[in-house]
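Me: I'm new to this structure and would love a close look at one part of it. Could you pick a spot, walk me through it, and then show me what lies around it?

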Amino acid sequence: MSERNAFPEYRGRMEYYCLGCGATYGTEQLHYTCPDCGGVFLLRDTGFDALKQTSGETWRNIFDARAASKTDALRGIFRFYELMAPVMDERDIVYLGEGNTPIIHSSRRLSDQLGGQKMAFKNDGQNPSASFKDRGMACAFSFLNHLIRTQGLEEVLAVCASTGDTSAAAALYASYADSAIKSAVLLPEGKVTPQQLAQPLGSGAVVLEVPGVFDDCMKVVEHLADNYQVALLNSKNAWRILGQESFAFEVAQWYDWDLAGKAVFVPIGNAGNITAIMSGFLKLHELGVIDALPRVFGVQSHHADPVFKYYAAAPEERQWQPMQVEPSVAQAAMIGNPVSFPRVRYFAERFEAVAGAGSFQVVQVTEQEIIEGMLLANRHGHISCTQGGECLAGLMKAREAGLIHKDETAVLDATAHMLKFIGFQDMYFQNAFPPEYGITPDPERANTPLRVIDAGEKERLSETEYTKACATSIVDRLGLKSR
Ligand SMILES: *Cc1c(COP(=O)(O)O)cnc(C)c1O
Ligand SMILES: [Zn+2]
């Protein structure tokens, strides 16, 4: 077995660390929130300092060698095994093709429209369930396998509430898992796209719908977790945050571990993803794998912007204030009380301590800018969802405000595949947005299919006449020249 295929020997000791009261707990038990104070956890490896004995260069070589691995357990997010959850065995790790998503540099035409801005999208919609949620789910399910194996558990019921993509990912990984893992997902009725509803149904999960919005679903599953034996897979689940750190590791690796002059744009919903991304970059920096941190920009819609509002205030006047959300095309980020906010605050402070003021910022964009950001991206070769459009809108906002230079490379997180949110494109093209969105489509941007001949014509014409009539109509429309 070659070095790149060898499963790592290092084993750490993970513990839960409460951001509320500072208490720590071992990981032999599944914890969701702190039993003492209800705070959110981070998971940390108490042996992390030992990893510093290996030089940054050696780590870079190890991770680069593993990028060509044919060992399933190392092909996805666990390429960075030592930095994530180094307690599992190779046999615990689930790999369904997650991670290692491409970074696609924007076309000259798109970049020119943004004043020559250097920019790229990281297509996290190319994960197996078509969103970044697979990164965290692969880690959480691998840990459940580890727990089941080491503790001889007979059955674990995994539950989550979701704005759509979490449940699609949870249901996918549950459907692959050993029979000891059963899963159920809770969705706000009518608040997820048809694609997102179809996914867990297709994976065979028990799908439960409740009236209300995501924040309501959350209260129900938390009540279940407090009172019954279930594993909650929501983003308070610290194992998911760990898996999502892989996004940061991959960005660093793609740019040959040189993140000076890079700015990563991330949409903020429940704030788990931006937490994980900052945590990941900080780990690389601590180990000397990277010398410079990139800048990180969070982006929020004006219809769901509690994190933006918090950071918009002067430091001494900041007050955390959950809010009531308005409808948003960035539906997966339409969250008024993000559970990971304490984690954002924790890592933002550390980020700024290393990289200085301005290394972490949050920008606010309008619904109109978000949907038009998505349309613009996808007309230039990208496959961005509305949340990816939100990142592009955020980049434009940052440019207007003079927060970013055109020679900095903006890396935009396209968190899901465009097809998951394609209904919003239809609403734009067909001018069908309910007024609450506050979006006025520009008819110039609408794209609709063109009818070549009327249906009645087909009945009337012979087969040859029909082909000719269609071709003539197309020739006229496209102005084709004969050869
Ligand atoms: C979950 C999700 C988000 C929001 O991420 P958080 O970790 O909740 O901040 C953004 N985009 C998509 C496509 C998502 O599925
Ligand atoms: Zn606590």
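Reply: Happy to! Let's begin with a pair of side chains: those of His380 and Gln113 make a polar contact at 3.3 Å. Please keep in mind that this is a predicted model, so what follows describes a prediction.

Where does His380 sit in the chain? You will find His380 in the loop between helix H15, which covers 367–378, and helix H16, which covers 386–400. Is His380 buried or exposed? Its relative accessibility is 10%, and because buried means under 20%, His380 counts as buried. Setting aside its neighbours within four places in sequence, His380 is in contact with Ser107, Arg109, Leu110 and Gln113. Gln113, then, appears both in that list and as the partner in the polar contact.

Now let's look at the two helices on either side of this loop. The axes of H15 and H16 cross at roughly 100 degrees and come within 7 Å. With that angle, H15 is roughly perpendicular to H16. On the H15 side, the contact is made by Glu369, Ile370, Ile371, Gly373, Met374, Leu376 and Ala377. H16 contributes Thr386, Gly389, Glu390, Leu392, Ala393, Met396 and Lys397. Sorted by character, the residues of this contact are eight nonpolar, three polar and three charged.

H15 has another partner as well. Helix H17, made of residues 422–429, packs against H15 at an angle of about 105 degrees, with the two axes 11 Å apart. H15 and H17 are therefore roughly perpendicular to each other. Here Gln368, Ile371, Glu372, Met374 and Leu375 of H15 meet Phe424, Gln425, Tyr428 and Phe429 of H17. The residues of this contact divide into six nonpolar, two polar and one charged. If you compare the lists, Ile371 and Met374 of H15 take part in the contact with H16 and also in the contact with H17.

Following the chain on from H17 brings us to Asn431, placed in the loop between H17 and helix H18 (455–460). Asn431 is exposed, with a relative accessible area of 57%. Its backbone deserves a glance too: phi of Asn431 is near 50 degrees, a positive value in a residue other than glycine. Most residues other than glycine have a negative phi. Asp256 is another example, with a positive phi of about 50 degrees although it is not a glycine. Asp256 has its place in the loop between helix H11 (246–254) and strand S10 (262–267), and with a relative accessible area of 61% it is exposed.

For contrast, visit Phe141 in helix H6, residues 133–151. Phe141 is buried, with a relative accessible area of 1%. Beyond its neighbours within four places in sequence, Phe141 is in contact with Val94, Ala170, Tyr173, Ala174, Ile181 and Leu233.

Finally, let's step back to the whole chain. It is divided into domain 1, which takes in 103–128 and 241–443, and domain 2, which takes in 449–483. The centres of the two domains, taken over C-alpha atoms, are separated by 45 Å. Both partners of our opening contact, His380 and Gln113, fall within the ranges of domain 1.

Key
Residues numbered from 1 in each chain as written. Chains lettered and ligands numbered in written order. Predicted model: local features only at pLDDT ≥ 70, side-chain atom pairs only at ≥ 80, totals over all residues. Heavy atoms only, no water. Helix = DSSP H or I, 4+ residues; strand = E, 2+ residues; numbered from the N terminus. Buried < 20%, exposed > 50% of the residue type's maximum accessible area, 1.4 Å probe, protein only. Polar contact = N/O pair within 3.5 Å; in protein donor to acceptor, adjacent residues only side chain to side chain. Contact = heavy atoms within 4.5 Å. Domains from an automatic or database assignment. Axes fitted to C-alpha atoms, helices over the stretch in contact; angles between N-to-C directions. Parallel < 35°, antiparallel > 145°, perpendicular 65-115°, else oblique. Nonpolar A, V, L, I, M, F, W, Y, C, P; charged D, E, K, R; others polar.
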